[in-house]
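Open the structure in your viewer and keep the selection tool at hand. The stops below are meant to be taken in order.

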Amino acid sequence: MATWSGCLRVARARTGTVSHGCRFVEHALRTPVSPRGFSTGKTTRQDFFKDLEAQLKAFREKAAAVLPTSGWTPPEINPDPPPERADVVIVGGGVVGWSVAYWLKRKQKFPERFEVVVVEKDPTYSQASTVLSAGGIRQQFSMLENIRLSLDSSMFLKNINEHLHVLNEDPIDLQFNHSGYLFLASEKGAEVMEENHLLQRNVGAKVALFSPTQLKEKFPWINTDGVALASYGLENEGWFDPWTLLNAFRRKAMSMGVHQCFGDVKGFKIVNNKIHNVIVSIVATVNIVICSSAGEIKTPLVFSFVFSECPPEHGDAAGANSSGAVRFVSLCKDCPQSAIRVLETCLFCAPSQSPSRYIYVVHCPDGPGLDMPFVIDYSGFYIRREGLGGNYITGKSPEEEEEPDTGDLEVDHEFFHEQVWPRLASRIPCFESLKVTSAWAGYYDYNTFDQNGIVGQHPLVENMYFATGFSGHGLQQAPAVGRAVAELILDYKYTTLDLKALGFMRILTSSPKLERNII
C-alpha cells in the first residue's frame, strides 16, 4: 500500500552479522544464499509473477470501468531483485516516494554512483492512496506551508514535460483541468474563509471571494441558500489524473537509475540511534537485507506508506545487535496497519490513520457544464466533473463516529444515499436526477493530530525521515515535498521551501500546526 513513503540512508554492514527481530527472516538468511545475499525461491517467484499478471489484468479492467479518462496502465514488473547495497531506501512507492527518488537523483552531481531503491508492497497499486484519490490540486489552505507547497507543485505540473519527460517516449499528458476549486462557507465559517483568503493572496495565490449574489451570477446552477461567502480559485487549481503523475515520476526516476522493488519491509537494524539496514520480503519466502554502500551513516530514511501487518509470532520487526544497541523501532501491535513504533510511541497510528473513503461516479446528463469547478460544500460533500460525457465524481468525509473499518475497502452505497445525495441535490438541484455508475474505496492518509503532513527528520533516529500523514493533499504537494526531503537528505537543510513547521518534533511537544481547510 502506498499511503506513505520512507527513505533510508544507512552504513556498510557485513553479511552474516545482522541481528533481526523477525525470526522467519533470521531463518531465511541462515540458509544457503546466492552470492548476492538472498535466497532465490525460483518456483515461488515464477508462481508470484504469474499470479501478478492476472491481478494486473483484472485491475486494468476495473480502472477502465470506474474512470474511463484515467491513464492507468500496469507498471512494468522487474523480476530481478534490488541491489544488495544502496545509499537510500525509500519505503513506499506512491507519488511522494517516487518524487523523493526523482529529486535525489536530479540533485546528485554523480547520480550514477548514488544507489536509490524504492520498495512498494502493492505491485498493482490497486489499494494505493495516490491512484484512488480524486486528483485535485488547490492553494486554498489556511497554513502558509501548505499554500506554498501547492503553488510550487502546480508550477511543476504545468511544466511537467520539462521535468519528467523520458527520451523517446510520448509527452506526458496529465489531463490537467484548470477549472479551479469553489469553497462554500456558511455564516459560521465566513470569517475563517476571509482570513484564509487574505493569507492566500499575500502568498501569491489567485483566489477571489464571492457574495451569494455574485456566486449565483457566476454559477447559476448553484442553490445559494445558507451560503454566506464563497472562495474561488482563479489559477493553478483544478484536477488531473493521479496515476499519470505517479507513473511519470516512476518512469523518470527509473530512467535515471532508481531501482524498483515490489516487496514488504519487515524491519530495520538500529545501531547507535541510526538505521543500518532494511529487511525486505520480496516474494513469499524470499527475504533480503539491503545495506548501505556508504562507509559512514549519513543517509536518511523517509517514509510515505504504512507497514503491513507482521504476525505476533514473528516478534518485533526491528533488529538489535548483541552488543546492546537500543531497539528504537518495532511494529505497533495496537493499530490495524501495524505501523512503526519508536521508543514505544507509534509514529503513524497515533497521530495518523489510514481510514477508507468512498468515491462515487455519477451520471447526470443535465448536470453543470465545462465551467464547473471542484465544489466543496460546508456540509462536507464535494463534486467535480469527470470527462465530457455527463459524468461526475462525488463523495463526503464521514463524521468521526461514522469512520469505516480501516481494513475494509468495500464501498458503502448506503452512505451515498443517506449522506451524499441529499446534500448534493439540495445544493445543485440538477443532481436530483442521477445514476451511480461506479464507485470505489481508497485509503485516506489522515493525520489526526493537526491535519498536516509530517515531513522531515526524526528527532531520535538520526537517519530516519518522514513524508506522511498529508490528510488528503499528499498527491497535489508531492512534487514540492519530494524536492524538500531530497534537500534535507543531501544538503542537510531546506533550500527552497522551509518546512520545519511540519517536522515530527511538533508531535512530541504537543504543538499542533492546525490546517483548517481539510476536505
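The tour goes through strands and helices, one selection at a time.

This is a predicted model, in which local features need pLDDT of at least 70 and side-chain atom pairs count only at pLDDT 80 or more, while totals for chains, interfaces and linings use all residues. Residues are numbered from 1 along each chain as its sequence is written, and side-chain values use heavy atoms, with hydrogens and water left out.

**Stop 1: strand 8**

Select residues 229-233, which make up strand 8. Helices (H or I, at least four residues) and strands (E, at least two) are DSSP runs, numbered from the N terminus. Five of the five residues of strand 8 are buried, so the rest of the structure largely encloses this strand. Buried means under 20% relative accessible area, exposed over 50%, and partly exposed in between (1.4 Å probe, protein chains only). In a regular strand the side chains alternate between the two faces of the sheet. On one side of strand 8 are Leu229, Ser231 and Gly233, and on the other Ala230 and Tyr232, all buried.

Now add residues 181-185, strand 6, which pairs with strand 8 in the antiparallel sense over four bridges. Two strands pair if DSSP finds at least two bridges between them. Phe183 has Ser231 as its bridge partner in strand 8.

Next add strand 7, residues 207-210, joined to strand 8 by four bridges and running antiparallel to it. Here Phe210 stands opposite Ala230.

**Stop 2: helix 3 and helix 8**

Select residues 95-107 (helix 3) and 242-255 (helix 8), whose axes come within 9 Å and cross at roughly 30°. Axes are lines fitted to C-alpha atoms, for helices over the stretch in contact, and angles run from 0 to 180 degrees between N-to-C directions. Helix 3 and helix 8 are therefore roughly parallel to each other; angles under 35 degrees count as roughly parallel, over 145 as roughly antiparallel, 65 to 115 as roughly perpendicular and the rest as oblique. Among the residues making the contact (heavy atoms within 4.5 Å) are Trp98 and Tyr102 of helix 3 and Phe249 and Arg250 of helix 8.

**Stop 3: strands 22 and 23**

Select residues 381-385 (strand 22) and strand 23; five bridges join these antiparallel strands. Phe381 stands opposite Lys396 in strand 23. The two strands form a hairpin with five residues between them, and Gly387 in the turn has a positive phi of about 75°. In strand 23, residues 391-396, five of the six residues are buried.
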